[in-house]
Amino acid sequence: MLIALETLIGGLMLGALYALFGLGLSLSLGVMRMINIAHGDLIVLGAYLCSVVMQMFGIGPFLSLMLVVPLMFVIGMLLQSLLLNRVVGQGTLSPLLLTFGLSIVLQNFLQETFSADTRSLQAGDIALRGFDLGGVSIGLLPLLSTVVSVIIFAGTSWLINGSHLGRQARAVADDPATARLVGVDDRNFYALITGFILAVIAMAAVLYGIRTPFAPTSGPERLLYSFEAVVLGGLGNIWGTFIGGVVIGVAQLFGAKISSGLGPFFGHLVFLVALLARPEGLFRRIQR
Amino acid sequence: MLLELRHVSKRYGAMMVVPDLSLSVAEGDFVGVIGPNGAGKTTVFGLISGGLRCDAGAVVLGGLDVTALGADERCRAGIGRTFQIPHPFQGMTAYENALVAATFGAGLRGRQAQALARDAIERCGLEAAADILAARLTLLQRKRLELARAIATRPRLLLLDEVAGGLTDGEMNQLLQLVVSIHRSGVTVLWIEHLVHALVSAAGRLVVLADGRLLSDGDPGSVMQDRAVRETYLGSDIDEELTHAEH
C-alpha cells in the first residue's frame, strides 16, 4: 500500500514535468494553430545548452538556468520571427513540414556537436536528497519540479484569463485577420509566445535532464509525452494539459513498477484507452 | 487631406478589380460610397485598412504613406473598420471585444483602456449586452459591436461596410443616428451602403464606384442626378430609394 502511494506521488511529480513539456505545445496549438514537431528536439536543445553553460562556468544546473532560460527565450523569438512566422496561418500542413525539417536539422546538429552519447545533468546531492512524510519518502528534486510546474501553470492561466496579453492571445487565436484590424500585432506576439514556450521548456528540460539522461535523438520521445499530455487534457485547456501530463506520469511509474521496461508502454496504453473513451480529451474546453 | 488614394490598383489573378483609383477625403468628411455589386467597394476598403495590399499606387493617411504598413499598424495610425458580416471575437464578451480594441488599437492600458471600452459599448447601446459572449449576440447587437469595437480603437477615419444590411427600418434609423453622432464627435466617416436613402440623408458627399473606377463624386443631390450614375443603376431601385429618402 505504501509502495503504491509512493509510486502515485512519484508519478504525480514526474507528470508535472510532462505537463510543462505539454504546456508549450498547448500554447502553440491554441494560439497559433501550429503543431511544432521540433518541440521535443527543442527540449533536448535546452538540456544541452544547460550542459554547455555548466561546463563553461563550472556551475550547477539550477544556477545555469539564469543563463539558459533567457537564451532559450531569445532563440524562441528568433525562431518564430525568422522562420515559423512564414507558415503560421498557412493551413496545417506547412507548419508540420517546416517543423519536421527543423526537427531533423536539430537532431543532426546536436549529434554533430555533442556526439551520440547520452548525457545527464549533475546536480550534486540535491538530486538524491529527500524526506520522509509519514513513511512515504519524497524526493526533493521531484517536489521542486512540481512546485515550479504548478507556479508556471498558475501564472500562464492567470495571464490568459486576466491580462491584456491573454486577451491578445484569445483574439489572435479566434481570428488573426480581425485582430490585426483592431491594432493587434500578431507576428510580434507569436514571437513573444514562442520565446515564452522555449523559456518554459528550458526549465522543464533541465529539471528532467537531472533525473533522466538525454541524447541528441531523445526529442521525439519528449514530443510524444508532450502530445499525450495535451491531447489527453483536451485541446486549448491549460489545466487540462496539467492533468493530462500527471496521468501519463502516474501511468508510467506504475508500469515501471510491474516491469522496469514497461513504463512508457503503460503511459501510451492509458493514453490510448482514455482517447478511445473520450476522444475530445478528459476535459472539455473550460477556458480558451 | 486625411486620406488620399493615389493611383491605387488591385487585381485578383486575371481579374482587375480596381484598375486605377485616386480619391481624397478631407478631415471631418462624411462620405457615402455606393456602386453596383462587384464595383470593388469592399476591395477599396481592404486596400485602405491594409487587409489587402495594393499592386500599385499609394495610400496616404494624414500625410503619412501607409502603403507598406500592415493592417495592425494602420489601425494604430487611425483607421478603423467594420465588416459587412460581423467578425466579433466569439469567445469573448462584447465588453472584452471592445477592450481588445482599446488596448491594442488605441494603445491604452489598465483603467484608461477599460474606460474607453465601456464608453464605446455605451455609445453603441450595448450596456445590457456588455457581459454576454459575442457568439450569443443577436444580429443587431453584433452590428453594434462591430461599431463599438471600431470606435474603441479611437479612429480618425472610420470605414463602415454595410453596417445597416439586414436590419429593420427602425433598427436602421437608430444605427444611422449612432453613426451621425460618431461623425459629430470628430471622426471622418467613409460608409458603403446598399440602402442609398440612408446615405443620401446623412452623407455630405457621395462617391459612386463602378468596375473599380470613380463614376461620380460630389454632393449627394447632384450625384444622384448624374446621368452616368442613373444609367449604371438602370433597372435597380434607385428611384424608389430616392423617393424613400424624401419621406
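**View 1. Four strands of chain B form an open sheet in the order β2-β1-β4-β5.** Throughout this sheet the pairing is antiparallel. As with every view here, you are looking at a predicted model. At the edges sit β2 (15-25) and β5 (64-65) of chain B, each of which pairs on one side only. Follow strand β1 (residues 3-12) of chain B and you will find seven bridges joining it to β2(B), with the two running antiparallel. A handy place to start is B:Arg11, which stands opposite B:Met16 in β2(B).

**View 2. A second open sheet in chain B has six strands in the order β6-β7-β8-β3-β9-β10.** Here the pairing is mixed. The edge strands, β6 (79-81) and β10 (213-218) of chain B, each pair on one side only. On average, neighbouring strands of this sheet are turned by 20° against each other, direction ignored. Within the sheet, strand β3 (residues 30-34) and strand β8 (residues 188-192) of chain B pair in the parallel sense, over four bridges. To find your way along this pair, look for B:Val31, which has B:Leu190 of β8(B) opposite.

**View 3. Helices α1 and α6 of chain B meet the six-stranded sheet.** Helix α6 (residues 169-184) of chain B packs on the sheet and touches β3, β7 and β8 of chain B. The direction of helix α6(B) makes about 150° with that of β8(B). Helix α1 (residues 41-49) of chain B lies across β3, β6, β7 (157-161), β8 and β9 (205-210) of chain B. Relative to β7(B), helix α1(B) runs at about 150°.

**View 4. B:Glu162 sits in the loop between β7 and α6 of chain B.** What is unusual to look for in the backbone here is a phi near 50°, a positive value in a residue other than glycine. Is B:Glu162 buried or exposed? Neither label quite fits: B:Glu162 is partly exposed, because 18 other C-beta atoms lie within 10 Å, whereas a buried residue needs 20 or more.

**View 5. Chain A brings together eleven helices and two strands.** Along the sequence, the elements of chain A follow the pattern α-α-α-α-β-β-α-α-α-α-α-α-α. The C-alpha trace of chain A spans about 60 × 45 × 30 Å along its principal axes. For 288 residues, a compact globule would have a radius of gyration near 19 Å, and the 19 Å of chain A agrees with that. Of those 288 residues, 51% are buried. Among contacts in chain A with a separation of 6 or more, 76% are between residues 24 or more positions apart.

**View 6. Strands β1 and β2 of chain A form a hairpin with two residues between the strands.** Strand β1 (residues 130-133) and strand β2 (residues 136-139) of chain A run antiparallel and are joined by four bridges. One pair to pick out is A:Asp132, whose bridge partner in β2(A) is A:Ser137. In this hairpin, A:Gly134 takes a positive phi near 55°. Nearby in the picture, look for A:Leu5 from helix α1 of chain A. A:Leu5 and A:Val136 are 131 residues apart in sequence, yet their C-alpha atoms are 7.5 Å apart in space. With 13 other C-beta atoms within 10 Å, A:Leu5 is partly exposed.

**View 7. Helix α5 (residues 140-162) of chain A reaches 32 Å from its first C-alpha to its last.** That span is close to the 33 Å expected for its 23 residues at 1.5 Å a residue. Which residues of α5(A) are buried? They are A:Pro142, A:Ser145, A:Thr146, A:Ser149, A:Ile152, A:Phe153, A:Thr156 and A:Ile160. What covers them includes α1 (2-32), β2, α6, α8 (186-211) and α10 (238-258) of chain A.

**View 8. A:Arg33 lies in the loop between α1 and α2 (39-57) of chain A.** Although A:Arg33 is not a glycine, its phi is positive, at about 55°. A:Arg33 counts as partly exposed, with 16 C-beta neighbours inside 10 Å.

**View 9. Chains A and B meet where 16 residues of chain A are in contact with 23 residues of chain B.** On the chain A side, α6 (164-174) and α7 (176-181) each supply at least two residues. The largest share, six residues, comes from α6(A). By residue type, the chain A side divides into five nonpolar, four polar and seven charged residues.

Key: Residues numbered from 1 in each chain as written. Chains lettered and ligands numbered in written order. Predicted model: local features only at pLDDT ≥ 70, side-chain atom pairs only at ≥ 80, totals over all residues. Pairing = 2+ DSSP bridges. Axes fitted to C-alpha atoms, helices over the stretch in contact; angles between N-to-C directions. Contact = placed C-beta atoms within 7 Å. Rg over C-alpha atoms; globule rule 2.2 N^0.38 Å. Buried ≥ 20, exposed ≤ 12 C-beta atoms within 10 Å, placed from the backbone. Nonpolar A, V, L, I, M, F, W, Y, C, P; charged D, E, K, R; others polar. Expected span 1.5 Å × (residues − 1).
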